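Work through these exercises with the model open. Each task is followed by a stepwise solution.

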Amino acid sequence: MSDPRYALYYCPPEGSDLYRFGCRWLGRDAVTGTALEQPAVSQISPERLEEVTRTARHYGFHGTLKPPFRLHRQATEEQLTGSLTRFAAQLRPFTAPPLVLKNLSEFLALQCATPSPEIDTLAAACVTALDRFRAPASESELAKRRAAGLTERQEEMLVRWGYPYVMDCFRFHMTLTSRLPDEAEHAAFRKALEPMVARFAAEPLRIEAVALFRQESQDAPFVLARSFPLSKI
């Protein structure tokens, strides 16, 4: 068995409309680990919906703040959670712009309607403040990231932080599909999703906690380990 991996996510409150939507669309509740029946989608077969959401389902419905990492050999999960408790206690909850459906490099995802400096600041803090717990990325992990084709700045982030899309290369998003290069299929998925997510565009996104997710082994799905409220008054 490989070492577990951890990630810091924004995870909507369990029981919220956003959380229920995301879990049902992906077909898994990452808090309980329960498999869920996905919605019936016009012009898209259940098999294709399952396939297109498979990778996102593996990670759970979320917005990444600090990408998956393994603990270095001198660190423990108890130390990580203790540091996260102190970290979150120094931060205030905040409100971000509403979520809307967007095309993100041929993926469909929820993103804030307008930029959120507060989310960007939170993500950068998660990357830097907890980096002392992160084991260096392996050569195979680095090669996998480089295979996608990186800019000079993304390569710099990969070497420094173990992941290319952090700091000024970060874009907050909540993934709903894998890449959909076929225009007709992309349009079909977008048409199906638009009425489902329209209600989220009516309300600002409230960020009140940072969620620690854990992956027991490489093939295991990510599940919620613990949520850390942003509790500074």
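**Exercise 1.** Why is the sulfur of Cys112 in no bond with the closest cysteine sulfur?

*Solution.* This is a predicted model, where local features need pLDDT of at least 70, side-chain atom pairs count only at pLDDT 80 or more, and totals for chains, interfaces and linings use all residues. Residues are numbered from 1 along each chain as its sequence is written, and side-chain values use heavy atoms, with hydrogens and water left out.
- Step 1. A disulfide is a pair of cysteine sulfur atoms within 2.5 Å.
- Step 2. The closest cysteine sulfur to that of Cys112 belongs to Cys126, and at 15 Å it is too far for a bond.
- Step 3. For Cys126, the nearest cysteine sulfur is that of Cys11, 14 Å away, and Cys126 is in no disulfide.
- Step 4. The structure's disulfide count is zero.

**Exercise 2.** Is Cys126 buried or exposed?

*Solution.* Buried means under 20% relative accessible area, exposed over 50%, partly exposed in between (1.4 Å probe, protein chains only). Cys126 has 0% relative accessibility, so it counts as buried. Cys112, at 9%, is buried too.

**Exercise 3.** Which residues line the largest cavity?

*Solution.*
- Step 1. On a 1 Å grid over the protein atoms alone, a cavity is a set of points where a 1.4 Å probe fits but cannot get out; lining residues have an atom within 4 Å of a point.
- Step 2. The lining consists of Leu65, Asp120, Ala123, Ala124, Val127, Val166, Met167 and Phe170.
- Step 3. Sort by class: seven are nonpolar, none polar and one charged. Here Ala, Val, Leu, Ile, Met, Phe, Trp, Tyr, Cys and Pro count as nonpolar, Asp, Glu, Lys and Arg as charged, the others, Gly among them, as polar.

Note on methods
On a 1 Å grid over the protein atoms alone, a cavity is a set of points where a 1.4 Å probe fits but cannot get out, and a pocket is an open set with protein on both sides within 12 Å along at least five of seven lines; lining residues have an atom within 4 Å of a point.
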